[in-house]
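Me: I have a chain here and some short questions about its fold. Take them one at a time, please.

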Amino acid sequence: MRTALQRLCPRLWVLLVLSGLLLTPMSFAANQVMGEIQFEGKSNVEKTSGVWVDGEYVGYLKELKGSKKVLLLPGEHIITVRQDGYQDFTSHVVLQPGQKEVVSVAMEKAPTGPLPRVTATIKIEVNPSRAAVFLDGLFVGHVGEFEGPGRGMLVAPGTHKISIALPGYQTFETDISPLAKQKVEIKTDLVRSDTPPTDPLVNTETGKVTPPVTPGMAATSQR
């Protein structure tokens, strides 16, 4: 059975198991082979950090349990945890069939340059709110951290690229050029990806997909 599963996905098969799904005989057998990664983080910094498995974003740390637990094929995997303003946390794990491995995450502050004297504010309202947000290619958090009263992302005035990604959905991208002290609001719904690629890495409720990068449409307002 393990050999057959590896032929289905030679590099990685991450299962984000969803509550309410009926398990087929194949998925039941797969769960007997899979190992599970569990994550621990003491502070809110760790709990809101983004998690990558073998280079694929799977979600932010505190949500990766229960219906969104991470199941992997036996073998070696690289876990990377990222947070804006902190050094990347990396762990190499080797899973055996049916094994549960606990990864304790501790983020350390990264050296940063001086903040810009004048800033603009970006507010993001995107569904699902658990999606990862990237500013000019760098992970800065998930949508929920930048929506609602009193929340937003401070950036230097000028041109920036905003990318919002989540497994099972098309990646949304947009360019903005805020002026000093200007507020930019980005509102959109991510579009489910229903065309799996030739080498799927992530299995979600929409099927095995690696979200492609597409422009997408959003309501963007500047004040």
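Me: How much space lies in the largest pocket?
Reply: Bear in mind that this is a predicted model. The volume is a computed one for the largest pocket. The space there is about 810 Å³.

Me: Which residues are the closest to the centre of that pocket?
Reply: The lining of the largest pocket has 28 residues. β10 (132-135), β11 (138-142) and β12 (153-155) are the elements that give two or more residues to it. Closest to the centre are D84, G85, L135, V140 and L154.

Me: How many residues of the pocket lining are nonpolar?
Reply: Five of the lining residues are charged. Eight are polar. The nonpolar ones number 15.

Me: Which residues have the most contacts inside the largest nonpolar core?
Reply: In soluble globular proteins, nonpolar side chains tend to be buried together. Here the largest such core has 28 residues. Strands that each supply at least two of them include β4 (56-60), β9 (120-127), β13 (160-165), β14 (171-176) and β15 (183-189). The residues with the most contacts inside this core are I122, I124, M153, I164 and L190.

Me: How many residues does the second core have?
Reply: This core is separate from the largest one. It includes I37, F39, L61 and L72. Its residues number 18.

Me: Is L190 buried or exposed?
Reply: L190 sits in the loop between β15 and β16 (202-204). Its relative accessibility is 9%. The cut-off for buried is under 20%. Therefore L190 counts as buried.

Me: How far apart in space are L190 and V126, C-alpha to C-alpha?
Reply: In sequence, 64 residues separate L190 and V126. Yet the two touch. L190 also touches I164, F172 and P128, among others. From C-alpha to C-alpha, L190 and V126 are 7.1 Å apart.

Me: Which residues of β9 does I164 touch?
Reply: Leave out residues up to four places away in sequence. I164 then touches A131, A132, V143, Q170, T171, F172 and L190, along with two more residues. β9 spans 120-127. The two that fall in that range are I124 and V126.

Me: Is the peptide bond from N127 to P128 cis or trans?
Reply: Most peptide bonds are trans. P128 is in the loop between β9 and β10. The bond from N127 to P128 has omega near 0 degrees. That bond is cis.

Me: What is the phi of D54?
Reply: Most residues other than glycine have a negative phi. D54 lies in the loop between β3 (50-53) and β4, and is partly exposed at 29% relative accessible area. D54 is not a glycine, yet its phi is positive. The value is about 50 degrees.

Me: Is K181 buried or exposed?
Reply: K181 is in the loop between β14 and β15. Its phi is positive, about 65 degrees, although K181 is not a glycine. Its relative accessible area is 76%, and the cut-off for exposed is over 50%. So K181 is exposed.

Me: What share of the residues in the chain is buried?
Reply: The secondary structure comes to three helices and 19 strands. The chain exposes about 11,800 Å², with carbon and sulfur atoms supplying 53% of that area. Of the 223 residues in the chain, the buried share is 44%.

Me: What share of the contacts with a separation of 6 or more joins residues 24 or more positions apart?
Reply: L190 and V126 make one example, 64 residues apart in sequence and touching. Across the chain, the share for residues 24 or more positions apart is 62%.

Methods:
Residues are numbered from 1 along each chain as its sequence is written. This is a predicted model: local features need pLDDT of at least 70, side-chain atom pairs count only at pLDDT 80 or more; totals for chains, interfaces and linings use all residues. Side-chain values use heavy atoms; hydrogens and water are left out. On a 1 Å grid over the protein atoms alone, a cavity is a set of points where a 1.4 Å probe fits but cannot get out, and a pocket is an open set with protein on both sides within 12 Å along at least five of seven lines; lining residues have an atom within 4 Å of a point. Grid points are joined across faces, edges and corners, and a volume is the space filled by probe spheres set on the points. Helices (H or I, at least four residues) and strands (E, at least two) are DSSP runs, numbered from the N terminus. Ala, Val, Leu, Ile, Met, Phe, Trp, Tyr, Cys and Pro count as nonpolar, Asp, Glu, Lys and Arg as charged, and the others, Gly among them, as polar. A nonpolar core is a set of buried Ala, Val, Leu, Ile, Met, Phe, Trp, Tyr and Cys residues joined through side-chain atoms within 4.5 Å. Buried means under 20% relative accessible area, exposed over 50%, partly exposed in between (1.4 Å probe, protein chains only). Contact means heavy atoms within 4.5 Å. Accessible areas come from the Shrake-Rupley method with a 1.4 Å probe; for residues, only the protein chains shown count as cover.
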